[in-house]
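Trainee: I am new to this structure and would like to begin with one small part. Please pick a single spot, look at it closely, and then show me how it connects to its surroundings.

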Amino acid sequence: MKTSRRGFMGAAAIAATAAGTGLRAQPKESGRVDGPFVLTTWDFGPGANETAWPVLAGGGSALDAVEHSINHVELLPDEYWVGYGGVPNEVGETTLDATILWGPTHDWGGVGCLKRVKRAISVARKVMEETQHTLIVGDDATRFAVRMGFEETSLTNLRSQAAWEKWAAKGVKTDAFDPEPMDADRLAGHDTVGSIAVDAHGNLCVGCSTNGREFKIPGRVGDSPVPGAGAYGDQFVGGAVATGNGDVMMRFLPTYHTVELMRQGMPPQLAAEAALKRITDRGYKFSGGIAAIGIDGRYGGAQVGWDDGGFSFSVRNREGNRRVWVSPEPVSQPG
Ligand code: SD4
């Protein structure tokens, strides 16, 4: 993986923990918080949670909290992996995938390959609230967004333009034509923001948003907008969000798997490990992570492939924010 930001975070985490015992600090992949709470993945998690927390603290809905959390990341000017200004496809265009679930009604909305509109999670929310559909894709998703009052604008900025020009200058075709990742995952890099909230009324919302995969084949839709793949939730159980190689992960519906195991009483961390193990057991060698939290506030995560330990999620409740680094140890990779 050549994700400079992830590499940096992993190195920083390892350095910080190595300074003490020489070992990784006490892994805290699991724990419990009282509600209301919001959980958000990766290193943008703390900032996203801080944006969402006032909504929850003021008695607002988990739906608004998740939208705030994800909008925060989508609109960060320097965030390359989510929202505008990042991850161009093979022809230099940035396209977005997002989904959102409202627990009380189990209503979903999603957009895939959304073009020229910045707040993909908000468009997904419109799909959920204004239509009977679950997923709208491509230029038609753009037309839908404009119809709902969103501004049509370029998703390219200097950074994404430069990233694409540098890649295009090599004259290689996208790595999506390479063999399936059975020996090694050679993806250039990828990240997704996933967010799960439970509000003071006990209502659950789950959402995620991403640019997907660098230099993807135009039209590619990843796991993020697919219920049960990039995100899943059940009002009576809890939620799970995924990040990583969505082309592989969506074949196994790992967040659905995680939540269903939690329904049977399995702690979130073990459920997430089992869902990833289902994929590695079939021989895939990939990078992927899952963060999950029950309606009761028990949380946990698992990951494979990010050996630098860089995958984290953050959980915010009235006691503050806690960052949870997810150890790569529990799930073994084949080979
Ligand atoms: C995708 N799963 O489109 C997303 C990307 C991601 O960490 O999450 N990367 O494949």
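Mentor: Happily! Let us begin at Glu93, which forms a salt bridge with Arg116, meaning that a side-chain nitrogen of Lys or Arg is within 4 Å of a carboxyl oxygen of Asp or Glu. The closest N and O atoms of Glu93 and Arg116 are 3.8 Å apart. Glu93 sits in the loop between α3 and β3 (95-102), while Arg116 belongs to the loop between β4 (107-115) and α4, so their pairing ties together parts that are 23 residues apart in sequence. Helices (H or I, at least four residues) and strands (E, at least two) are DSSP runs, numbered from the N terminus.

Before we go on, keep in mind that this is a predicted model, in which local features need pLDDT of at least 70 and side-chain atom pairs count only at pLDDT 80 or more, whereas totals for chains, interfaces and linings use all residues. Residues are numbered from 1 along each chain as its sequence is written, and side-chain values use heavy atoms, with hydrogens and water left out.

Back to our pair. Glu93 is partly exposed, at a relative accessible area of 26%, and Arg116 is partly exposed too, at 28% (buried is under 20%, exposed over 50% and partly exposed in between, with a 1.4 Å probe and protein chains only). The two also have company: a network of salt bridges links Glu93 and Arg116 with Lys115, Asp139 and Glu152.

Now step to the helices named beside those loops. Glu67, in helix α3 (residues 62-74), and Arg125, in helix α4 (residues 120-130), are 58 residues apart, and they too form a salt bridge, with 2.6 Å between the closest N and O atoms. Here the setting is buried: Glu67 has a relative accessible area of 14%, and Arg125 likewise comes to 14%. For a third setting, take Arg322 and Glu319, whose side chains meet in a salt bridge at 3.8 Å, N to O. Arg322 is partly exposed at 30%, whereas Glu319 counts as exposed at 59%. In the whole structure, a search finds 19 salt bridges.

Stay with α3 and α4 for a moment. Two packed helices are described by the angle between their axes and the distance between the axes. The axes of α3 and α4 come within 8 Å and cross at roughly 150°; axes are lines fitted to C-alpha atoms, for helices over the stretch in contact, and angles run from 0 to 180 degrees between N-to-C directions. On the α3 side, Leu63, Asp64, Glu67, Ile70, Asn71 and Glu74 take part. They meet Ala120, Ile121, Ser122, Arg125, Met128 and Glu129 in α4, where contact means heavy atoms within 4.5 Å.

From α4 we arrive at a sheet, for this helix lies across β3, β4, β5 and β7 and runs at about 135° to β4. The sheet is open, with eight strands in the order β5-β4-β3-β7-β6-β2-β12-β13 and mixed pairing; strands pair if DSSP finds at least two bridges between them. At its edges stand β5 (135-137) and β13 (320-325), each with a single partner strand, so one side of each is left without a neighbour in the sheet. Neighbouring strands are turned by 10° against each other on average, direction ignored. Between β3 and strand β7 (residues 204-210), which run antiparallel, there are six bridges, and Asp97 stands opposite Thr210 in β7. Another helix, α2 (residues 45-57), lies across β2 (37-41), β6, β12 (312-317) and β13, at about 160° to β2.

One residue of the sheet is worth a pause. Ser195 lies in strand β6 (residues 193-198) and is buried, with a relative accessible area of 0%. Leaving out residues up to four places away in sequence, Ser195 touches several residues, including Thr40, Val66, Ile70 and Val206. Its C-alpha atom is separated by 8.9 Å from that of Ala231, which is 36 residues away along the chain.

Finally, zoom out. The protein chain has nine helices and 13 strands, and 56% of its 335 residues count as buried. Of the contacts with a separation of 6 or more, 69% are between residues 24 or more positions apart.
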